[in-house]
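User: Please go through this model with me and justify the terms used to describe it.

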Amino acid sequence: MNQDKNKTALQELNGIEQPDSLSKEALNKVLYQRKQQPTPETLVAQILEGNKTALSRAITLVESTQAAHQEKANSIIQSCLPKANRSIRIGITGVPGVGKSTFIEAFGKYLTSIGKKVAVLAIDPSSSISHGSILGDKTRMEELVKDENAYIRPSASGNTLGGVARKTRETIILCEAAGFDTIIIETVGVGQSETAVHSMVDFFLLLKIAGAGDELQGIKRGIMEMADAIIINKADGDNVAKAKLAKTEFNRALHLFPTKKSQWTPTVSTCSAYEKKGIEDVWETITKYINLVKDNGYFEENRRNQNQFWMMETINEQLKLDFYNHKQVMALLEQNKKALQNNEISPFAAALNLLEAYYSK
Ligand SMILES: Nc1nc2c(ncn2[C@@H]2O[C@H](COP(=O)(O)OP(=O)(O)OP(=O)(O)O)[C@@H](O)[C@H]2O)c(=O)[nH]1
Ligand SMILES: [Mg+2]
C-alpha cells in the first residue's frame, strides 16, 4: 500500500523509466531552424522576387519588439525602399458588420482578375485584446486567401495605435517591394484608427449601409470629410430602394463640405459585396481619382506630407515612451499627481518637476 496518502497512481514513479525533461530531438530541431533563419540580405532578395513566405517573415520581424529583430527589420526596409512607393494605397473603413471583409473579398478578386496584385492589411485597435476578426476574415475572404496574386496579413497588435500604425506603414513598404501594386488597408470605424489609416493612403473609402432614413445620424463629421468615396453596401434584395435613398441623402450632405485640397469631389455609390454588384464602379472611381491627382500634383504632395507626418509621429511616440519609462519619472509621477490633487502644487510646476527629473538623467 502506498505510504503517502496524497499520492495518486499517476504519480507512482517506481519502475517506470522517465523521459528526459527536454527531448534532444526537439531541441536539435529548434537549434537547426534558428541557424536556418535567413539573413536580411536573403530575405530582401526573396521579397523582391515576390516570395510571400519571405514577405511574411520580414513582416514578423517588423512586428517584433525584440531589439535584434528591429535591427534586422530596419535594414530590410532600408533595402526595400527603392522598390517601394509604386502602388495605389486604398483605405477602407466602416462600422463592424457593414461588410468590409465581404467587400474586400469581392473587390480584391475583381482586381486580381484584371491583373493587379493585391495586398490586404488591417489596423484594428481592438486586436491586441481580442485578436481582431482574423477568424472571421479567413472565412469571409475564402477566395482571396487562395489567390496567388493576393496577400492577406491580419492586423499587427500593439499597445498604442501609433505603434501599430508605424508597423503597418513599414509593412506597406515591404508589400510594395514584393510587387503588390494595390494595397488595401482596412480598419474598423472606431476610435482614432481611421485618422491613422487616412494618413497612409491615397484614397479613402467609407463603407455604409442604408438605415431607416437617418443615414447621417451617428456618423462622425471627420470621417465624412476624409472620405473620397462613400459606398452604400448591401444594396440587394429588399434593400435596393433604401440604398438608393441613402445615396441621395449622402450626396446632398457631401455638398455642404468645402472643396478638398485634392480638387476631387467625393462620390456616393451603392454596391452589393454579396452579389458582387457595383464593384467595378468602385475601381473606376478610384482610377479617375488617381488620374486627377497625378495630373494636378496632389498625389505626390500628399505622399510627401504623409511621410513628414509619420516622421514627426514616430519622434513623438518614441519621446513619450522614453519619458514615461524613465525610472525617476515613473517614481515621481504618482507623487506629483497626489500633490496636484491636494492643491499643493500647480500643474505647471508638477510638469516641470517631472521634466527636470527626466533631463537630469
Ligand atoms: N445582403 C448582404 N449582406 C452582406 C453584404 N456584404 C456583407 N454582408 C453580410 O454582412 C455580415 C457582415 O459582413 P462582414 O464582411 O463580416 O463585415 P465587416 O465589416 O468585415 O465586419 P467586422 O469584421 O466585424 O468589422 C455578414 O453576414 C455578411 O454576409 C451584402 O452586400 N449584402
Ligand atoms: Mg471584417
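User: What phi does Gly115 take, just after α5?

Analyst: In this predicted model, Gly115 has a positive phi of about 95°, and this residue follows directly after α5.

User: How do you know that the span of α5 is close to the expected one?

Analyst: The expected span is 1.5 Å times one less than the number of residues. For the 14 residues of α5 this gives 20 Å, and the distance from the first C-alpha to the last is 19 Å.

User: Which residues of α5 are called buried?

Analyst: The term requires 20 or more other C-beta atoms within 10 Å of the residue's own. In α5, Lys100, Ser101, Phe103, Ile104, Glu105, Ala106, Phe107, Gly108 and Leu111 are buried.

User: Which helix gives the largest share of the shell around ligand 1?

Analyst: Helix α5 does, with three residues. Both α5 (100-113) and α7 (134-140) supply at least two residues of this shell. There are 18 residues around ligand 1, and the closest are Gly99, Lys100, Ser101, Thr102 and Tyr274. By class, the shell divides into nine polar, five nonpolar and four charged residues.

User: What makes the largest nonpolar core lie between domain 1 and domain 2?

Analyst: This core has 72 residues, of which Ile47, Ala58, Leu174 and Leu205 touch the most other members. Helix α9 (residues 161-177) gives the most to the core, namely seven residues. Residues come from both domain 1 (35-81) and domain 2 (84-296), and therefore the core lies between them.

User: Which residues does Ala58 touch, not counting those up to four places away in sequence?

Analyst: Contact requires C-beta atoms within 7 Å. With those sequence neighbours left out, Ala58 touches Leu43, Ile47, Ala73, Ile76 and Leu174.

User: Why is α9 called largely enclosed by the rest of the structure?

Analyst: Of its 17 residues, 14 are buried, so the description as largely enclosed follows. The span of α9 also agrees with expectation, because 24 Å is expected at 1.5 Å a residue and its end C-alpha atoms are 24 Å apart. Just after α9, Gly179 takes a positive phi of about 100°.

User: Why is Gln318 called buried or exposed?

Analyst: A residue counts as exposed if 12 or fewer other C-beta atoms lie within 10 Å of its own. Gln318 has 12 and is therefore exposed. This residue is found in helix α14 (residues 298-324). The C-alpha atoms of Gln318 and Gly162 are separated by 9.9 Å, although the two residues are 156 residues apart along the chain.

How values were computed
Residues are numbered from 1 along each chain as its sequence is written. Chains are lettered from A and ligands numbered from 1 in the order in which they are written. This is a predicted model: local features need pLDDT of at least 70, side-chain atom pairs count only at pLDDT 80 or more; totals for chains, interfaces and linings use all residues. A residue is near a molecule or strand if its C-beta atom, placed from the backbone, lies within 6 Å of it. Helices (H or I, at least four residues) and strands (E, at least two) are DSSP runs, numbered from the N terminus. Ala, Val, Leu, Ile, Met, Phe, Trp, Tyr, Cys and Pro count as nonpolar, Asp, Glu, Lys and Arg as charged, and the others, Gly among them, as polar. A nonpolar core is a set of buried Ala, Val, Leu, Ile, Met, Phe, Trp, Tyr and Cys residues joined through C-beta atoms within 7 Å. Domain bounds come from an automatic or database domain assignment. Two residues are in contact if their C-beta atoms, placed from the backbone, lie within 7 Å.
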